[in-house]
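Colleague: I am new to this one and would love a friendly tour. Could you show it to me?

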Amino acid sequence: MKRPVPMSLARRTAALLLLCCTTLALANLPASDLPLGWLLAFTLPGATLGLLRKKAARPWDLALLGILLQAGACYLALEVEGPMTRPAALACTILPPLAFVTTRREESDLSLGLFLSFCVLLVGIILDGIHLPLIAAYAGASCLSLYNAAHLTARAASRRPAPTPSERPRLGDVLVSSGGIALACLLSAFAIERALGLLPSPTGPRGSAVSSPTDSRSTSRTVGLGESFVLGGSQGVLAELRGERLLRARSPDGSPVAADLYLRSGFFAVPGLDRWQTGPLTRTKVPSTVPFVLRPPEPRVPVETLRFERLAGSRNFVFVPPDTCEVRGLEGLYGDAARGWLRQEEGLPQEVYEVVWQRLDGLPAGPLDPNAASQGLLSVPDGFDRAPFHELLEAWQVGDPPRTAMERIAAGLRRHCRYDRSEPIGPHPLALQNFLFAAEDRRGYCMHFASAAALMLRLRGIPCRIAVGVYGGEADAEVDGARSYGSQHAHAWVEVRFQRRWVVFDPTPPAERGRRAPIAAEPAPASEAPDAEAAESGDLLAETFDLLTRPWLLAVALLLALLTALWPAGSPRPAHGITPTGAKSARRLLVRLLRALADAGHLRRHGQTLESFARELGRQKRLLPEVSAAMFAYQEVRFGGCRLDAGRESVLLRGIEAASGLRAMANRD
Amino acid sequence: MATSSSTVELTLRGRVVAWLATLAAGASWLGDDANARLAAAMLAAPLLVDFVGKQRRLHHAEVRLGPRRTSAGAPFSERLALVHRGRGRLRDCLFTEPRTMRSEPPVLLPTMAPGVPTTVGYRARSLQRSHVLERVFVLVSAWPLGLFRTRAVLSVTADLITEPARVPLQAEVVQGIAELEQAPRDRTSLPGPDFHSLREHLPDEDARSVHALRSASVGMLVRRVTQGRIPRTVGIVLDLRRPPGRSNTSARRFEWSLGACASLVAYLRARAAQVQVLVLDQAHTRFLVKGPAQETDLMTLLAEASPAPHHTLPGELFDEFRRLEHCFWIPAGAFLSSPELAAMSAHATVVGGEFE
């Protein structure tokens with residue numbers, strides 16, 4: 001037997017849901033900024049006031065009581081907890097009214113309470129980052145609350161407090177519909193959040209990673225392609241991207257440039273928890289007529305040539321593939337051949353250069369370079385707390401063999417952290433600590449993945465450095481086979497030093513590298529990077545999830561949902577016998593009849609019914625029997641459910657003829 | 001059944017949420033801020049879900065009801081059947097008839113299953129004298145989240161005849177009828193009035209004639225109708241003509257006059273008199289009200305009546321009225337100096353002559 005939902009239950013549910021929303025919003029506030037004592041101090045007086053609202057005689061008494069309670073609570077909290085942080089103090093101004101409307105339970109309090117709790121939730125997010133379960137629970141509760149509020153509003157509008165048993169909605173029906181709506185809201189919120197990321201921001205287009213070089217010189221937050229990379233900061237490196245085009249790469253023979261090409265412009269070898277730096281370099285300079293040789297070509301491996309055209313954004317950076325042999329065609333080129341670091345002198349206009357390189361993915365790299373430690377490739381930051389890193393490494397079962405270690409670190413990072421194009425947020429002072437050790441929502445972008453992976457590799461004795469440059473790119477619209485790279489393709493990865501060469505190891509989730517590249521062009525990482533194996537071994541579920549949560553896919557889904565909703569509803573399906581057959585034809589004949597009567601001087605007034613018009617004609621002795629019969633025939637068809645058969649049609653036609661005869665009569669009169 | 005499509009509009013709550021979502025989305029776009037993006041998504045999601053899940057086929061509902069006759073301003077109880085011809089179940093719909101439910105709250109229909117007639121009963125009051133052939137209803141729903149509101153206008157072909165509002169008769173009119181009663185023409189009749197029939201008691205009537213036993217047995221107030229002390233046929237001339245040279249008439253006076261005519265007819269009929277009514281509009285309509293059928297026709301005519309331009313009348317039109325012992329002249333069009341009225345002044349009582 002289905003149980004009905006009584007009206008009082010709906011009101012109680014509304015109050016309960018508002019209480020849920022308020023509690024979840026308060027739970028989202030960080031305890032470090034807002035200790036429990038202060039939280040109680042800002043909520044208990046308001047809640048007490050709300051409960052006493054109906055008992056207090058005068059509003060001024062209530063206000064005075066509220067002031068006294070609040071002042072006392074603040075004094076006690078200050079004594080017990082001490083001062084709280086400044087942002088929390090500002091945010092706390094919302095808490096007393098929220099507690100007040102939550103407990104007062106008047107009709108208008110539901111909307112107000114939802115709004116205030118949403119503000120508190122946002123404050124919590126700003127102060128402490130996103131705690132996904134809490135926010136999802138809040139979104140669900142608020143949707144249910146809105147659902148309930150809509151029902152209560154309709155009930156209040158009808159001014160019928162007690163529905164009859166037959167009118168009461170069934171509990172199962174209510175649960176299914178409200179649950180479905182809440183779930184739809186959650187999915188929509190997720191889809192909209194992802195789809196909004198597609199909007200190109202005027203203050204910073206979204207990309208996959210690293211910042212522009214201009215800022216590396218102009219501000220103290222030198223990031224990305226410059227000589228150091230600062231992790232963290234209020235805006236993050238993405239805010240400094242300007243979306244400018246960096247370079248175009250093409251083969252001299254016109255063959256297409258691979259989409260999975262890593263193009264390095266620099267590296268960072270000196271580690272830090274908040275900043276990575278390039279480290280010592282041995283710079284040499286060569287004349288423009290002589291190629292800058294980085295290493296001799298490997299025998300029996302084809303040598304390829306790439307021609308690069310530097311565009312405005314790339315300044316004096318020189319982008320090269322990982323296994324570059326030599327660079328030619330640039331005037332004022334200098335660099336460190338052993339480390340693969342290149343620059344061009346400032347102010348020189350030459351924008352085109354060629355790179356000779358080999359794809360050494362298939363060749364064995366040999367053991368780890370024993371001299372790497374002397375080059376500082378195994379160093380870790382000063383004051384570095386290794387214990388939590390070791391805990392993670394043990395939890396991920398990262399062993400000593402380099403390939404296995406790289407593979408497990410990449411897989412562990414992808415499980416442990418979430419890729420997001422924003423700075424990590426959490427209780428820790430450093431971005432990397434928040435990225436790895438925050439309680440919830442450990443998020444970060446490629447530089448955080450690379451930094452964490454590099455530190456873990458070094459802790460396992462694997463020499464490595466962080467390389468920065470561009471990755472992915474997009475097919476050039478002007479030159480066939482060429483690829484264009486912009487700052488949105490900036491990327492960071494790890495290069496592991498083996499005895500024979502550097503091996504690219506990219507811990508960033510494959511789906512997040514080069515976000516603007518087509519899916520088909522999503523490459524497996526170059527060389528022997530373990531990502532390919534990880535992908536193959538198959539986090540198929542994660543890959544599918546990545547695909548399904550693509551912003552463009554969700555944007556298309558949202559668009560389709562909107563179009564479906566906007567699709568015209570069409571005319572109602574006529575019930576059997578509702579629409580009389582031939583009513584339109586009868587109407588046309590009636591219009592002719594009325595026109596004939598109007599010509600004879602008998603104009604039907606606006607709004608006058610046919611019966612009234614006929615009566616008026618009768619009073620004027622102008623209602624001919626044929627006209628009367630025609631009107632009756634029309635009424636039979638229009639309202640009587642009769643068909644417009646030949647008999648009725650002839651009656652209508654005779655009526656029209658008779659009405660035309662009236663004109664002649666009128667002329668004779 | 002004529003129908004129109006449903007329209008969707010934002011409610012006040014929806015407008016606030018939409019503004020906040022727009023601001024948050026703008027902030028996330030300008031500042032590229034993930035928190036603002038999340039806020040925008042959380043605000044926009046209920047809007048999107050509410051818009052997509054909105055009940056857009058409210059206009060597929062069909063109203064079934066019969067003809068209704070009432071007098072202006074008088075409350076009545078209406079019962080009708082509402083059938084949803086769409087596919088899905090309709091929830092939390094508010095049903096109202098703007099013409100008759102101005103001061104009444106809408107009726108809440110919690111659920112409407114497709115194809116199942118729902119009986120709707122409500123109190124209504126038609127304020128304006130009229131005769132409408134098509135009644136218009138409005139079905140509104142804010143389900144599920146109350147951020148958007150769907151509104152559908154349902155039209156159904158059904159008569160709603162709103163007769164003129166009954167008005168209290170002037171003292172001299174009632175006095176005139178009473179004097180006629182006190183001076184019966186037939187001295188052979190019994191001293192008291194003869195019982196004629198029972199009829200429904202109207203709210204503004206003197207309660208002393210209510211038949212207590214019959215009222216208790218039938219469950220509604222009924223009153224005695226007596227006969228024998230009033231002239232059998234009383235004449236009423238309802239003059240809808242305007243005075244010469246005037247193109248408009250006081251609507252208040254006109255409506256009052258129609259109400260007075262209706263009240264007078266009801267008053268006389270309640271006393272078992274026949275009423276000879278002559279309505280002077282563009283044409284001349286004559287009614288001999290002997291029973292409910294003629295009374296209904298007359299009331300329908302009064303419901304549709306409108307002021308008529310001035311025109312002269314043939315003298316023989318009033319011959320029949322001159323033979324009546326008494327008649328009432330109601331100058332609804334404010335034409336008080338009618339020569340026909342002057343000719344009948346000896347045995348005609350003017351109703352509403354000093355109205356203005």
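Modeller: Let us begin with a definition: a residue is buried if 20 or more other C-beta atoms lie within 10 Å of its own, exposed if 12 or fewer, and partly exposed in between, with C-beta atoms placed from the backbone. This is a predicted model, in which local features need pLDDT of at least 70, side-chain atom pairs count only at pLDDT 80 or more, and totals for chains, interfaces and linings use all residues. Residues are numbered from 1 along each chain as its sequence is written, while chains are lettered from A and ligands numbered from 1 in the order in which they are written.

Colleague: Is A:Arg295 buried, exposed or partly exposed?

Modeller: A:Arg295 sits in the loop between strand 6 (292-293) and strand 7 (303-310) of chain A; strands (E, at least two residues) and helices (H or I, at least four) are DSSP runs, numbered from the N terminus. Its C-alpha atom is separated by 7.4 Å from that of A:Thr324, 29 residues apart along the chain. Because A:Arg295 has 16 other C-beta atoms within 10 Å, it counts as partly exposed.

Colleague: Which helix of chain A gives the most to the side that touches chain B?

Modeller: Two residues are in contact if their C-beta atoms, placed from the backbone, lie within 7 Å. By that rule, 57 residues of chain A are in contact with 53 residues of chain B. Elements giving two or more residues to chain A's side include helix 6 (109-128), helix 8 (171-196) and helix 16 (551-566) of chain A. The most, 12 residues, comes from helix 7 of chain A.

Colleague: Which element gives the most to the largest nonpolar core?

Modeller: A nonpolar core is a set of buried Ala, Val, Leu, Ile, Met, Phe, Trp, Tyr and Cys residues joined through C-beta atoms within 7 Å. The largest has 94 residues, and B:Ala40 and B:Ala44 have the most contacts inside it. With 13 residues, the element that gives the most to this core is helix 2 (residues 34-52) of chain B.

Colleague: Where in chain A is confidence highest?

Modeller: pLDDT is the predictor's confidence in each residue, from 0 to 100. Chain A has a mean pLDDT of 78, and 82% of its residues reach 70 or more. Over residues 516-537 of chain A, pLDDT stays under 50. Confidence in chain A is lowest in helix 9 (residues 213-218), at a mean of 35, and highest, at 89, in helix 13 (residues 446-459) of chain A.
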